[in-house]
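Subject: Structure for you to look through

Dear colleague,

I am passing on the structure we spoke about, with the sequence alongside. Please have it open while you read, as the notes below go through it piece by piece.

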Amino acid sequence: MKSAALLLAAAALYAPPAVSPDVLEPSVQNEVDHALDMAPTNLTAAASETAAEEADVFGTNGLTRTEIAIRLVSSQRSDGRWMDGTNDVTSAAVELLKSL
């Protein structure tokens, strides 16, 4: 009985916490907030950006919120914008990040 309780306690200490991938961890949320702070504030929605959203230019269909956040934050340029070829899709990326 004593050894069973000890095993149970050890398992509880080493078992990873149950985390939902649809809830952003504080570190990921911090990166999202930083990316939004770096994005230009004078954005206008263009027809090409709407089309980019519909075509899933970021490749986020079927991903969890955490995976979407990581993908978008990783693809932000140093000037704070997101580009798809020569198309500026920053507005679409900002809206997607805000929705997380």
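I would begin with the pair of helices α2 and α5, whose axes come within 10 Å and cross at roughly 145 degrees; please keep in mind throughout that this is a predicted model. The crossing of α2 past α5 is left-handed, and the residues that meet there are V32, A35 and L36 from α2 and V94, L97 and K98 from α5. Sorted by class, that contact has five nonpolar residues, no polar ones and one charged one.

Helix α2 itself covers residues 26-38, which makes 13 residues, and its span from first C-alpha to last is 18 Å, close to the 18 Å expected at 1.5 Å a residue. Which residues of α2 are buried? They are V28, V32 and A35, and, viewed down the axis of α2, the buried residues fall within an arc of 60 degrees, so they line one face of the helix. The spacing can be understood from the geometry of helices in general: an α-helix has 3.6 residues a turn, so residues three or four places apart point the same way. On the other side of α2, by contrast, P26 and D37 are exposed. As for what the buried face looks onto, the buried residues of α2 pack against both α4 and α5.

That brings in the second helix pair, α4 (residues 65-75) and α5 (residues 90-99), whose axes also come within 10 Å and cross at roughly 145 degrees. Here too the crossing, of α4 past α5, is left-handed. On the α4 side the contact is made by R65, I68, A69 and L72, and on the α5 side by A93, L96, L97 and S99, so that L97 appears in this list as well as among the residues that meet α2. By class, the contact of α4 with α5 has six nonpolar residues, one polar residue and one charged residue.

Two threonines around the start of α4 deserve a separate look. T66 lies within helix α4, and it counts as buried because its relative accessibility is 17%, where buried means under 20%. Leaving aside residues up to four places away in sequence, T66 touches P21, V23, L24 and V28, and V28 is itself one of the buried residues of α2. T64, on the other hand, sits in the loop between α3 (47-54) and α4. Is T64 buried or exposed? T64 is buried, its relative accessible area being 18%. With the same neighbours in sequence left aside, T64 touches P21 and D22, and P21 is also among the residues that T66 touches. In the same region, the C-alpha atoms of T64 and S20 are separated by 9.2 Å, although the two residues are 44 apart along the chain.

Finally, the chain as a whole. Its secondary structure comes to five helices and two strands, which follow the pattern α-α-α-α-β-β-α when read along the sequence. Of the 100 residues in the chain, 26% are buried. Among contacts between residues at least 6 apart in sequence, 72% join residues at least 24 apart, and the contacts T66 makes with P21 and V28 can be looked at with that figure in mind.

With best wishes

Notes: Residues are numbered from 1 along each chain as its sequence is written. This is a predicted model: local features need pLDDT of at least 70, side-chain atom pairs count only at pLDDT 80 or more; totals for chains, interfaces and linings use all residues. Side-chain values use heavy atoms; hydrogens and water are left out. Axes are lines fitted to C-alpha atoms, for helices over the stretch in contact, and angles run from 0 to 180 degrees between N-to-C directions. Helices (H or I, at least four residues) and strands (E, at least two) are DSSP runs, numbered from the N terminus. A crossing is left-handed if the near helix is turned anticlockwise from the far one by less than a right angle, and right-handed if clockwise. Contact means heavy atoms within 4.5 Å. Ala, Val, Leu, Ile, Met, Phe, Trp, Tyr, Cys and Pro count as nonpolar, Asp, Glu, Lys and Arg as charged, and the others, Gly among them, as polar. Buried means under 20% relative accessible area, exposed over 50%, partly exposed in between (1.4 Å probe, protein chains only). The expected span of a helix is 1.5 Å times one less than its number of residues. The arc is that of the directions from the helix axis to the C-beta atoms.
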